[in-house]
Amino acid sequence: MTAIITSLRSDLEAIADSINVGGADYEIWARRFSEACDSYFSTLDPDQRRAAIGIAGDLGYRTPEEEPEYNPGVCWRSGINSAYCHCGHHE
């Protein structure tokens, strides 16, 4: 099991390192990391998934319930005022 844990940690650290948000705040990084982890978790069997979620939590993974709530008019992707956001999801 130790080899599996080591492999899971290595995979999750690689995911964390790959999340590049160009100077955005930690909240945005954590959301993107969590989304990437959710995709990764879906590829694991249940026992590995439980272990991976624990490791990912140490690295900054958050469940949807742990996500911060933004005020109306604030972009859920960038965390800035949607009138000034450059993400392309606002009109």
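**Close-up views of a three-helix chain**

**View A. Where α2 meets α3.** On the α2 side, Trp29, Phe33, Cys37 and Phe41 meet a set from α3 made up of Arg49, Ala52, Ile53, Ala56 and Leu59 (contact means heavy atoms within 4.5 Å). Sort these contact residues by class and you get 8 nonpolar, no polar and 1 charged. Here Ala, Val, Leu, Ile, Met, Phe, Trp, Tyr, Cys and Pro count as nonpolar, Asp, Glu, Lys and Arg as charged, and the others, Gly among them, as polar. One thing to keep in mind for every view: this is a predicted model, where local features need pLDDT of at least 70 and side-chain atom pairs count only at pLDDT 80 or more, while totals for chains, interfaces and linings use all residues. Residues are numbered from 1 along each chain as its sequence is written, and side-chain values use heavy atoms, with hydrogens and water left out.

**View B. The whole chain, before zooming back in.** There are 3 helices and 0 strands here, and reading along the sequence gives the pattern α-α-α. Both kinds of element are DSSP runs numbered from the N terminus: helices are H or I with at least four residues, strands are E with at least two. Of the 91 residues, 30% count as buried (under 20% relative accessible area; exposed is over 50% and partly exposed lies in between, with a 1.4 Å probe and protein chains only). The accessible surface comes to about 5900 Å², with 51% of that belonging to carbon and sulfur atoms; areas come from the Shrake-Rupley method with a 1.4 Å probe, and for residues only the protein chains shown count as cover. Among the contacts with a separation of 6 or more, 54% join residues 24 or more positions apart.

**View C. How α2 and α3 line up.** Helix α2 covers residues 26-41 and helix α3 covers residues 46-59; their axes come within 11 Å and cross at roughly 165°. The axes are lines fitted to C-alpha atoms, for helices over the stretch in contact, and angles run from 0 to 180 degrees between N-to-C directions. That angle makes α2 and α3 roughly antiparallel to each other (over 145 degrees; under 35 is roughly parallel, 65 to 115 roughly perpendicular and the rest oblique). The crossing of α2 past α3 is right-handed, a label used if the near helix is turned clockwise from the far one by less than a right angle, with anticlockwise being left-handed.

**View D. α1 against α3, with Glu13 in the frame.** Helix α1 runs over residues 2-18, and its axis comes within 10 Å of that of α3, crossing at roughly 45°. These two helices are therefore oblique to each other, and α1 passes α3 in a right-handed crossing. From α1 come Ile4, Ile5, Leu8, Arg9, Leu12 and Glu13, and they meet Gln48, Ala51, Ala52, Ile55, Ala56, Asp58 and Leu59 in α3. By class, that is 9 nonpolar, 1 polar and 3 charged residues. Now look at Glu13, which sits in α1: at 35% relative accessibility, Glu13 counts as partly exposed. Glu13 and Ile55 are 42 residues apart in sequence, yet their C-alpha atoms are 9.3 Å apart in space.

**View E. α1 against α2.** The pair packs at an angle of about 140°, with axes 10 Å apart. α1 and α2 are therefore oblique to each other, and their crossing is right-handed. Leu8, Asp11, Leu12, Ile15 and Ala16 in α1 meet Trp29, Phe33, Ala36, Cys37, Tyr40 and Phe41 in α2. The tally for this contact is 10 nonpolar, no polar and 1 charged.

**View F. Cys37 and its neighbours.** Cys37 belongs to α2 and counts as buried, with a relative accessibility of 0%. Leaving out residues up to four places away in sequence, Cys37 touches Leu12, Ala56 and Tyr61. Cys37 and Ala52 are 15 residues apart along the chain, with their C-alpha atoms 8.8 Å apart.

**View G. Phe41 and its neighbours.** Phe41 is also a residue of helix α2. Is Phe41 buried or exposed? At 4% relative accessibility, Phe41 counts as buried. Again not counting residues up to four places away in sequence, Phe41 touches Leu12, Arg49, Ala52, Ile53, Ala56 and Tyr61. Phe41 and Ala51 are 10 residues apart in sequence and 9.9 Å apart in space, C-alpha to C-alpha.
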